[in-house]
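Me: Could you take me through this structure at an easy pace? I'd like to start with one small spot and then see how the rest fits around it.
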Amino acid sequence: MTARAGAAPGTNRGGFRAMRDRVSALAAGHRSTTIIVGWIIVATALPLLMLLPPFSTFQNQKLWIDGFANAGVFILLALGLNMVVGFAGLLDLGYAAFYAIGAYTYALAASPTLPWISLHVPFWPMLLVGAAVAAMFGILLGAPTLRLRGDYLAIVTLGFGEIVPAVFLNADKITNGTNGIGGVYKPDLLGYQFTLGNPLPYYIAMVAIIAVVMIFVYRLQDSRLGRAWMAVREDELAAASSGVNTVTTKLLAFALGASTAGLAGVFTAAKLTLVSPDQFSFAVSFTILAMVVLGGMGNVWGVAIGAFILYTIQSVVLKQLNPFFGEKGLNVPFLKDIDFVQYQFLLYGLALVLMMLLRPEGLFPSSRRKRELHTEQDENVGDELGPDPSSTPMEQT
Amino acid sequence: MRPDVVRVIRPILIVAVSLVVAWFLLGGTQQFMNFLTLGAIYALIALGYTMVYGIVELINFAHGDLFMFGAFVAMWILTVPLGMTGAVDDPIRLIVILVVVMLPTMIFMGLLGTFIERFAYRPLRHAPRLAPLITAIGVSFILQNVIYVLFGPSPVTVPQVFPLTRFDFLGGKVSYLSLFMVGVAIFLMIALQLFVSRTRLGRAMRSTAQDREAAELMGVDINQTIAITFFLAAALAGAGGTIQGLYFGSVQFNLGFYVGLKAFTAAVLGGIGNTTGAALGGFIIAFIEVLATQLGYSRWSEVAVFSVLILVLVFRPSGILGQQLGERA
Amino acid sequence: MSATVVEPGAGVVLQANKVTKAFGGLVAVKEVDLVIPPTSIVSLIGPNGAGKTTFFNVVAGILDPTSGDVTFRGHRVIARPVRAWFEPVVWVLPSVIVGVIAAIVYLATANADATAVVVLGAIGLLIVMFLAAIVRPGWYLRLLTAAGVFRSSRPNDMVKAGMGRTFQNIRLFANMTAQENVQVGMHTKMRANAADALLSTPRARAEERASVTKARDYLALVGLKGRAGELAKNLPYGDQRKLELARALASQPALLLLDEPTAGMNPRETAEMTQLIDRLRRDLGISILLIEHDMKVVMGISDRIYVLDHGELISQGSPQEVRSDPRVIEAYLGKPPT
């Protein structure tokens, strides 16, 4: 039952393959540099690309850059949830709660509009503080789920995902309830003040944060902890019997995942200068999960790309499909009457279902994931044809 | 007293006493009827969750949305083909209308549930646990947003076909509507219980839930049994949706999310996989919710229900009527 | 019964005292006494359903015993939990005390800010206690012992204490490579934590490199040299059993619990595995508790055999003693016709 990917014997794709392998090896050996260089390239190329049609016809470059900065928030969120769901196998449906905690932490620490407190803690240290606070809540909210099986864990995290925004909404003496906290201070870097009118500094800051987080995520994946996460995901009992402390391992997954969401929250608060409970609904948790699943659970770059694609589709493409199919565009009779923006969650749902049925490993799967999900089906073939000769004997005591 | 007499009398006594206590705590007949109706709705939905979980070990995320969908189907039948707009006085005509609304709704929802199982869940029966869970979430979103696209985001009114005449009972007003709703729900629950325990198909369901391989070896058609389970679960959810629309007078696309979560809490509270437990859990959750509203904490009622869920899962995951689950890993 | 009794005393690796495990009404293991001396191979045999794997699961920390206890390397590690309900009290008590102080402060001074600070302190204490309950640092464990709370060891505690195990139905990490499986086995012997990983410290990197070499050494030890990169689920059955053994060895245990290590193997593989187990005892000084059905293996390498039937110990002794014990024969074959 050995399923080996690779070139069939006899094909001579030596040249391209050899070069690709060499580049892969180089990248694997110096991963941090690859990440940094990669992001520098992407970050410089994207805004320049937006000066060309058809992108330039959708919206001007400044709006694109602003959109990229916002997409970056979701990339960060997807990277974090990927650690929890993809690495450790813990299905967290309430991830937006930690996003909210990060955002509110910064807003409470840096807004002049609250009646009961008025601080101006600078943005950059608050990034770390927000991450730390979110991490702490990751542990607190993760602790009750430790003994629960997958489905139940999902429901409980969903419950927390509802409770946290509800608390922020109802504790209006502290959080200003449904109106949210406004006037949040924008970042200030060595005297340069970020403004709402110029998205470029936000964009650059976000790219830097993402690059750093990615480096950390990869390091974790390849570490003793990363292996422990994989082991727990594969077989929790066997992991415990091999010496892995499943409690701390799972809590670390929650904590580290939550800290990333906290980072994203602080950044969002500083960029939008307003936080309110409705920014953190289940729809947001669901969107992030969709990004992780569609991008390829477990694959760091895949998840980032998936998040970017999904966000861009949601915020730009869907809006563009209306004029595209409408009167001034192609004028397709049935499609022109559909408001695609309204349909977006319907499409998400459909995409998710189709993904799970046809390509559960996502668009950019990690090779490991592909092996997991597809050889499963091969094993079932063995069942239909008779007992697999290499399968284990029936259980005795 | 003879033991079998005691065995029948004791649960009836417990139920009766609990109802009286509930009536007192809720402050009278008005809220008591709310509690009964809400409990009936939650019980019907919880039954669906528990039946599906018992047989395929899957929490059907989309189940709450089946309830919502059923409510809309019932509303549509009532308003479009039947063209109802207001109260109907003739009791016979009323009953006919109700049957014409509820029965097709239940059948349609049952078929929809089977359809979903066949095309979205069955292919993933052997996949790692995460896959069907994610699919169920996807289905949930599809159901919600189909309604959203068709009917919009705002609540849609359901015509009040029941005459509003009420009669006095112990200081409050009880409408025929509430009595009927609760009666229908209890009838359905008993019918389900009898079906599961007395019929061949019911036996097939129970044996599949216990040990799927053994049942298959005994000749049970697993696919058919699972399909029937989903049919029944969805049909019950449809019945719940009909009651919801008729009693509360309005339906909305996101109804399924919260009601579904509360009903799921009820199923877990009663003991997942246990049908009596689901019914019991439904009424307990309804009681908590109505009590919270009565005491003025309606804003926090959702938080309260979720907290119950989390506490139950952490401290007694097998629920009230379930068996003790295994030890730790 | 048996003529020679191994004297339990100093140096005994494992001692089980009247271990009992009941599931509701069903008693799976009934008052089993068992001693494992250092550098010895002890076999646990008995008909199907005798309770052998349940006994294993109690000793390995997966199940709490209903009564009785297990001493491992001189420490009482497994026993029925005592006063488990008290542990949540320990979490909450400090905060409650501080909360009461807050109330007193408020009543005495009516100073809302001061009270708020004290209340925050109470909440902080609660959080600290919760985290301690999870991480279980030394001071917390000493606090529990002082309060008379006993918590039976969990599987990973037993691994840390020096016990490894394999499973009756192979439980490998199917989608991880053989090398990675063994590296997980080395989890308790490695020091690098999350912070080391994030900062990619030289110590962490060196440890990782060393772990690769060591993992391959373990693989070579069990006869899987060169298979390091293969996915566990793609290995043939016999090799999977060997890999499970390598993973258990990687934690450098003093005692190995092997649950039917030769099940499903052909005679050649069985002989290999038997030799390997014997070598572990001879060369590495590891004690082994073996569940086996293959009598040749059992009689061949065991120093001592315990026989279980319906959860009870019906015989124990050297292989010759057990082989000729009429009770054992009866348990396996039924009463001889009279």
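Does C:K18 count as buried or exposed, and how many C-beta neighbours does it have inside 10 Å?

Reply: Happy to! Keep in mind that this is a predicted model. C:K18 counts as exposed, because it has 12 C-beta neighbours inside 10 Å and the cut-off for exposed is 12 or fewer. You will find C:K18 in strand 1 of chain C, which covers residues 14–23. Its backbone is worth a look too: phi of C:K18 is positive, about 50 degrees, although the residue is not a glycine.

A good partner for comparison sits in chain A. A:N176 also has a positive phi, near 65 degrees, and is not a glycine. A:N176 belongs to the loop between helix 8 (172–175) and strand 1 (181–182) of chain A. Unlike an exposed residue, A:N176 counts as buried, because 23 C-beta neighbours lie inside 10 Å.

Now step back to chain A as a whole. It has 16 helices and 4 strands, and buried residues make up 48% of its 397 residues. If you take its contacts between residues at least 6 apart in sequence, 77% join residues at least 24 apart.

Two helix pairs show how chain A is packed. In one pair, the axes of helix 5 (residues 96–109) and helix 7 (residues 150–170) of chain A come within 8 Å and cross at roughly 25 degrees. That angle makes helix 5 of chain A roughly parallel to helix 7 of chain A. Where they meet, helix 5 of chain A offers A:A96, A:A97, A:A100, A:I101 and A:Y104, while helix 7 of chain A offers A:F160, A:G161, A:V164, A:P165 and A:F168. Sorted by class, this contact has 9 nonpolar residues, 1 polar and no charged ones.

In the other pair, helix 4 (residues 61–87) and helix 13 (residues 282–295) of chain A have axes that come within 9 Å and cross at roughly 70 degrees. Helix 4 of chain A and helix 13 of chain A are therefore roughly perpendicular to each other. Residues in this contact include A:A78 from helix 4 of chain A and A:M291 from helix 13 of chain A. By class, the contact of helix 4 with helix 13 of chain A has 9 nonpolar, 3 polar and no charged residues.

A:A78 turns up again in the largest nonpolar core, which has 310 residues: A:A78, A:Y99, B:A43, B:L44 and C:A246 touch the most other members. Helix 2 of chain B (residues 29–56) gives the most to this core, with 19 residues. From chain C, the core draws at least three residues from each of domain 1 (1–79 + 154–162 + 253–338) and domain 3 (171–238).

That brings us back to chain C. Leaving out residues up to four places away in sequence, C:A246 touches C:V182, C:Y218, C:L219, C:L221, C:V222 and C:L224. The domain assignment of chain C also gives a domain 2 (86–146), and the C-alpha centres of domain 2 and domain 3 of chain C lie 42 Å apart.

Finally, see how chains C and A touch: the contact takes 47 residues from chain C and 39 residues from chain A. Among the elements that each supply at least two residues on the chain C side are helix 3 (112–135) and helix 9 (237–249) of chain C. The chain C side divides into 23 nonpolar, 16 polar and 8 charged residues.

Technical notes
Residues numbered from 1 in each chain as written. Chains lettered and ligands numbered in written order. Predicted model: local features only at pLDDT ≥ 70, side-chain atom pairs only at ≥ 80, totals over all residues. Buried ≥ 20, exposed ≤ 12 C-beta atoms within 10 Å, placed from the backbone. Contact = placed C-beta atoms within 7 Å. Core = buried A, V, L, I, M, F, W, Y, C linked by C-beta atoms within 7 Å. Domains from an automatic or database assignment. Nonpolar A, V, L, I, M, F, W, Y, C, P; charged D, E, K, R; others polar. Axes fitted to C-alpha atoms, helices over the stretch in contact; angles between N-to-C directions. Parallel < 35°, antiparallel > 145°, perpendicular 65-115°, else oblique.
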